[in-house]
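Dear colleague,

Please find below the structure that I am handing over to you. My notes on it follow, and I would ask you to read them with the structure open.

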Amino acid sequence: MTTPEDFPSVWANLVTRWVTADADSAEFPEITPRSRSLLQQLDPVVVVDGIAVLTAPSNWVCNETKKKISGDISEVLERELGYPVTLSLSVKERTPEPAAERASEQSHEQGVQQGVQQGLQRDSETATGQEELRPPAGKPSVTRVDAPPQVVAARQDGADGDRRHSVFSELPPVPPGPVHTPDLWENMADATFPGPVDTAGGAVGVQPSVRPSSEPPSPFTDHSAVAEPVTVTAGIPVTTAATAPAAAATHADDENRLNPKYTFDTFVTGPSNQFPAAACRAVAENPGKAYNPLFIYGQPGLGKTHLLHAIGHYARELKPTIRVRYVSSEEMTNEFINAIQGGPLALDQFKRNYRNLDLLIVDDIQFLQGKESTQEEFFHTFNALYQANHQIVLSSDRPPSQLTTLEDRLRTRFEGGLTTDVKTPDLETRMAILAKKSQLNGAEVPRDVLEFIASRNESSIRELEGALTRVVAYCSMTGEPITISAAEVVVKDILPQDVKITSEMVIEVISEHFNVSLDQLTGPSKVRKIVTARQFGMFLTREYCEMSTTKIGEVYGGRDHTTVMHAEKKMRKAIQENTVIFEQFQELTQKIKSRARQR
Ligand SMILES: Nc1ncnc2c1ncn2[C@@H]1O[C@H](COP(=O)(O)OP(=O)(O)OP(=O)(O)O)[C@@H](O)[C@H]1O
């Protein structure tokens with residue numbers, strides 16, 4: 001396996017073979033003289049968790065490479081390394097004084113850091129019409145982890161899992177001091193997330209969204225807040241809240257990432273979720289003592305994320321100094337890669353961020369599957385927190401026993417506490433949830449309309465919320481009162497029961513409707529029509545296919561999950577604000593659903 005250390009030599013060897021290969025070589029795609037020159041100007045930095053980081057000497061080289069040979073590079077690297085690779089390409093920063101060697105190193109590191117961040121957060125590229133960089137169409141973006149050198153060394157020790165040294169195992173102790181800092185949300189909620197939006201007399205609210213990597217779309221949600229990876233400064237082992245230092249504690253509350261709308265107060269309980277909700281409350285009341293770890297699983301869209309955030313809020317309400325952090329496993333992986341790029345200080349800081357917590361909440365842990373080095377680090381973080389009686393809460397779309405490609409030692413840890421599942425809610429509960437959502441968003445929706453919507457789908461609250469939003473938006477736009485007949489117009493084709501929609505069906509309909517090919521949808525084109533079609537496709541897939549943003553990104557040409565999140569956010573907003581888009585959306589939905597019924 002290629003380690004991050006090996007990557008520069010692997011790259012050098014690859015480039016040499018490629019540029020000297022015959023035009024009809026079976027091993028390498030044909031390369032033009034210009035592409036050859038581009039290739040030779042790239043510097044390899046690292047490959048971690050399936051992301052290969054390269055830097056270019058200038059913007060021009062960077063952009064040309066993205067345009068001309070990024071697909072070929074991914075393909076060739078994938079063959080060479082034996083697993084799918086996503087490219088992260090950035091411009092190597094220049095230092096003003098060439099003699100200042102250290103300055104140059106630092107700026108190179110910054111460039112690398114940016115490179116990883118750019119690679120991992122590509123939604124802004126889509127937003128601004130810049131080039132995207134991705135592996136060839138149909139290839140997954142990040143599926144495999146190369147262990148960092150330290151981790152590999154630890155494995156070669158042959159020590160067992162518990163006693164293995166992690167890359168972060170030898171770190172300085174924490175100096176004492178208080179930990180509480182003001183809640184970022186308290187200060188930022190208004191600025192970041194608009195309040196209820198009144199559309200023509202209606203009451204369509206816009207909720208905050210803070211789930212950076214795999215946030216399920218709420219129909220009232222503005223997904224503009226894609227969280228940035230964290231960059232901090234020094235590393236420490238686990239300590240108790242009472243002894244942690246002020247200086248070291250700035251991160252915990254600022255970075256807790258709790259969505260203010262997801263509390264126990266806004267969570268509706270019923271037979272389907274009573275037990276997990278009670279377990280979550282117990283954990284918030286007695287972190288580290290009640291059930292540790294608490295593992296919640298269930299189908300997408302049934303409220304796991306909501307419960308996870310609620311634990312964090314309630315725990316902080318009961319004990320304001322508690323250090324809490326909510327993170328998705330994808331975000332954690334991204335931070336880990338950034339930390340590796342940042343060198344020892346950043347790695348130490350990464351460790352501090354996680355091991356200095358009293359309550360660590362990790363959502364969608366299934367995405368850790370296949371990411372070996374992140375798993376390795378998480379294993380040590382888990383042990384450190386657990387041994388210090390600090391609480392860990394995890395969620396997944398499946399029980400630990402079905403996380404088949406997760407390392408056994410991690411799976412065993414997950415199974416060591418309380419495992420509980422959120423089930424599909426009954427009609428009463430679904431109605432109560434919709435009523436709560438309407439009330440929270442200031443929309444007055446009659447009970448019979450709530451029942452009508454709630455009875456159309458039982459497997460995803462997210463989908464029901466989507467239908468509710470559309471009904472409210474439709475009535476606002478047309479000035480009609482919210483009645484069953486108005487709801488029927490909107491909902492009849494978007495929530496038919498017993499119809500399974502696949503991403504392939506969505507793509508077929510999108511291709512026909514916009515007259516774009518599959519290659520165009522999954523390719524790099526930035527032509528407006530194709531971008532619109534692609535964004536509609538991603539959004540509709542997210543709405544109807546119960547697929548994570550990561551999986552959807554893979555289907556659409558190996559794009560990053562943040563690109564999908566961006567598309568979702570944009571479409572959701574457009575549907576609520578623009579009648580033409582709303583109608584287009586209705587039409588597409590109708591076509592997709594009727595295609596699904598024909599199969
Ligand atoms: N019991 C409930 N009470 C109130 N809202 C709920 C409830 N269950 C689900 N929801 C709402 O449904 C939406 C989707 O829920 P959530 O994101 O928590 O699902 P999830 O199970 O984490 O999905 P995924 O597995 O895709 O991450 C959210 O807006 C959430 O507030």
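In what order do the five strands of the open sheet lie? The order is β5-β6-β7-β4-β8, and the pairing is parallel. Please keep in mind that this is a predicted model.

The sheet

At the edges of the sheet stand β5 (324-328) and β8, each of which pairs on one side only. From one strand to the next, the twist averages 15°. Helix α11 (residues 304-318) packs on this sheet and touches β4, β5, β6 (359-363) and β7. The direction of helix α11 makes about 170° with that of β6.

Strand β4 and its partners

Strand β4 (residues 294-297) runs parallel to β8, and four bridges join the two. In this pairing, Tyr297 stands opposite Asp421 in β8. Strand β4 is also joined by four bridges to strand β7 (residues 391-396), again in parallel. Here Ile296 stands opposite Ser395 in β7.

The two faces of β8

In a regular strand the side chains alternate between the two faces of the sheet. Strand β8 (residues 418-421) shows such an alternation. Leu418 and Thr420 point to one face and are buried, whereas Thr419 and Asp421 point to the other face and are not buried. Asp421 is thus named twice in these notes, as it is also the residue opposite Tyr297.

A pair of helices

Two packed helices are described by the angle between their axes and the distance between the axes. For helix α14 (residues 372-387) and helix α15 (residues 408-415), the axes come within 10 Å and cross at roughly 35°. This crossing is left-handed. On the α14 side, the contact is made by Gln375, Glu376, Phe378, Phe379, Phe382 and Asn383. On the α15 side, Arg409, Leu410, Arg413 and Phe414 take part. Of the residues in this contact, five are nonpolar, two are polar and three are charged.

The protein as a whole

The protein has 25 helices and eight strands. It contains 599 residues, of which 60% count as buried. Among contacts with a separation of 6 or more, 78% are between residues 24 or more positions apart. The accessible surface comes to about 23100 Å², and carbon and sulfur atoms account for 51% of that surface.

With kind regards

Note on methods:
Residues numbered from 1 in each chain as written. Predicted model: local features only at pLDDT ≥ 70, side-chain atom pairs only at ≥ 80, totals over all residues. Heavy atoms only, no water. Buried < 20%, exposed > 50% of the residue type's maximum accessible area, 1.4 Å probe, protein only. Contact = heavy atoms within 4.5 Å. Areas by Shrake-Rupley, 256 points an atom, 1.4 Å probe, with all protein chains shown as cover. Pairing = 2+ DSSP bridges. Axes fitted to C-alpha atoms, helices over the stretch in contact; angles between N-to-C directions. Left-handed = near helix turned anticlockwise from the far one by under 90°. Nonpolar A, V, L, I, M, F, W, Y, C, P; charged D, E, K, R; others polar.
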